[in-house]
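Here are a few exercises to work through with the model open beside you. Try each task before you read its solution.

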Amino acid sequence: MYNRKARMCYKMVAGLMVMGLLTGCGAGKDNNTTNTETSESVPGGTQTSTTTDAEKSQKKFDENSKETRKKTAEIEGILDKYFYFDQDSEKRDEAYYDGLMKGLDDPYSVYYTPEEFKQKQISESGTFAGIGAVVSKSKEDNTIFIVEPKKDSGAEKAGLEAEDVIVQIDDFELTTETTLEEAVSKMRGEEGTVVHLKVYRESINDFIEVDITRAIYEEESVAYEMLEGTNIAYMDISNFAENTPDQFKEQLDEIEGKNVDGIIMDLRGNPGGSLKAVLIMLDYIIGDSELADNCQTPGLLVETKDKNDVVMDNYICSDGHAIDGIPMVVLVNGNSASASEIFAGCMQDYGRGTIVGEQTYGKGIVQNIIPLSDGSAIKITIAKYFLPSGRDIHTYGIEPDVKAEISEEHMKLKVLEVEDDDQLQAGIKVIEGE
């Protein structure tokens, strides 16, 4: 039985993937321009000049300028003279590159060290060496926590539980600034090596420390079961990895052969992942010649535009396959993000499924990973995507057709059974026509 409470990523202490080029939601900025005054010494007195914040933001940083070199040398001199602890020159170098990306003020544009980039590639393949647990990052307080230990995994054998908040990985202490990808890369590594975790467990109000031997796991991002007492298939899609479409197609074919009354696809807590993966899955459901609401292009799934509003790519159905005659429901919540929102939005635009649950996260931008010559890489935001209807969902999210929330009483349950899952029950009612 699925641990649905953990699966939906609701937290008391920490309540949001871990994959791909489409994963969370950035904060907006105030567009008002303010004036700041700067003073400079000139012969005959002090002259005051006015510089706007907008003008300052347009000034390009020059790492080779005399001013920058002087300031860098000054800081390094102070560190060399006064810093108490031993310095790690490699970490300092990497921090410089990381700082260049953080200066963009975009949480989705990041720098990967060679090792982090390697782990990123492994992550997207769907096969990796790690602890065997689904982890996520809280949208409320930015802590990173266990969503669900996988069955018979190292995490499960070590006693980790859903909702355990990760506070330390080996000697690396997590902060609210720690990215999900950074934490995952620390937990993954070579098969057979040991990683030490310190977690906080709210139920006992205490910390727990465990050692876990890393093992090879294939990401099982799709799993389905027939809901007891019904003829409805429940399909849990935890993320969108490279191997997710194959799992999805295989299980969807199996479900089709059962002559079911309907399918409920659960994307709650799914942070997204590979754009390619979600498009393949949608293409398998939607017919090549179908038209979405307010769309003139048959089979259009997603359109991406650059910062100048120029269309970069159109993604159109082309596999010649469609799923017809089966009512579908897509469950979503506030932690359904990015690729999950593409899936839900397309199903909604094409009238292929009823969206049930809560408003989604609201991430509608696309990142591209660019490898660098030394094996490292940078990931930068390059475009915004638009649904077939032309909707821009960045920061807005997908509004469900049927709003449903988990009651406070049911949220207190450690394991959320089918009968206590208010959103799932709402989905069942849609399928059954109630």
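**Exercise 1.** Locate Thr-395 among the secondary structure elements and decide whether Thr-395 is buried, partly exposed or exposed.

*Solution.* Keep in mind that this is a predicted model.
- Step 1: Thr-395 sits in the loop that links β20 and β21.
- Step 2: its relative accessible area is 43%. Buried would need a value under 20% and exposed one over 50%, so Thr-395 counts as partly exposed.
- Step 3: look at the backbone too, where phi of Thr-395 is near 75°, a positive value in a residue other than glycine.

**Exercise 2.** Carry out the same steps for Asn-259: find its loop, its exposure and its phi.

*Solution.*
- Step 1: the loop holding Asn-259 runs between α8 (244-256) and β14.
- Step 2: with a relative accessible area of 62%, Asn-259 is exposed.
- Step 3: Asn-259 is not a glycine, yet its phi is positive, near 55°.

**Exercise 3.** Which residues does Asp-401 contact, leaving aside its neighbours within four places in sequence?

*Solution.*
- Step 1: place Asp-401 in the loop between β20 (377-386) and β21 (402-403). Its relative accessible area of 44% makes it partly exposed.
- Step 2: the contacts are Gln-348, Gly-353, Thr-354 and Ile-355.
- Step 3: take Gln-348, which lies 53 residues from Asp-401 in sequence, with 8.4 Å between their C-alpha atoms. The two side chains are joined by a polar contact of 3.0 Å.

**Exercise 4.** Work out the strand order of the six-stranded open sheet, and find which strands stand at its edges.

*Solution.*
- Step 1: the order reads β12-β13-β14-β17-β18-β21, and the pairing is mixed.
- Step 2: β12 (222-226) and β21 each have a single partner strand, so they are the edges, and one side of each lacks a neighbour in the sheet.
- Step 3: for a pair inside this order, take β17 (residues 328-332) and β18 (residues 354-357), which are parallel and share four bridges. Leu-331 has Val-356 in β18 as its bridge partner.
- Step 4: add helix α12 (residues 422-431), which packs on the sheet and touches β13 (232-237), β14, β17, β18 and β21. Its direction is at about 160° to that of β17.

**Exercise 5.** Describe how α9 and α10 are arranged relative to one another.

*Solution.*
- Step 1: the axes of α9 (residues 275-285) and α10 come within 9 Å and cross at roughly 20°.
- Step 2: this makes the two helices roughly parallel.
- Step 3: the crossing is right-handed.
- Step 4: among the residues that meet are Leu-275 and Val-278 from α9, and Ile-342 and Phe-343 from α10.

Technical notes:
Residues numbered from 1 in each chain as written. Predicted model: local features only at pLDDT ≥ 70, side-chain atom pairs only at ≥ 80, totals over all residues. Heavy atoms only, no water. Buried < 20%, exposed > 50% of the residue type's maximum accessible area, 1.4 Å probe, protein only. Contact = heavy atoms within 4.5 Å. Polar contact = N/O pair within 3.5 Å; in protein donor to acceptor, adjacent residues only side chain to side chain. Pairing = 2+ DSSP bridges. Axes fitted to C-alpha atoms, helices over the stretch in contact; angles between N-to-C directions. Parallel < 35°, antiparallel > 145°, perpendicular 65-115°, else oblique. Left-handed = near helix turned anticlockwise from the far one by under 90°.
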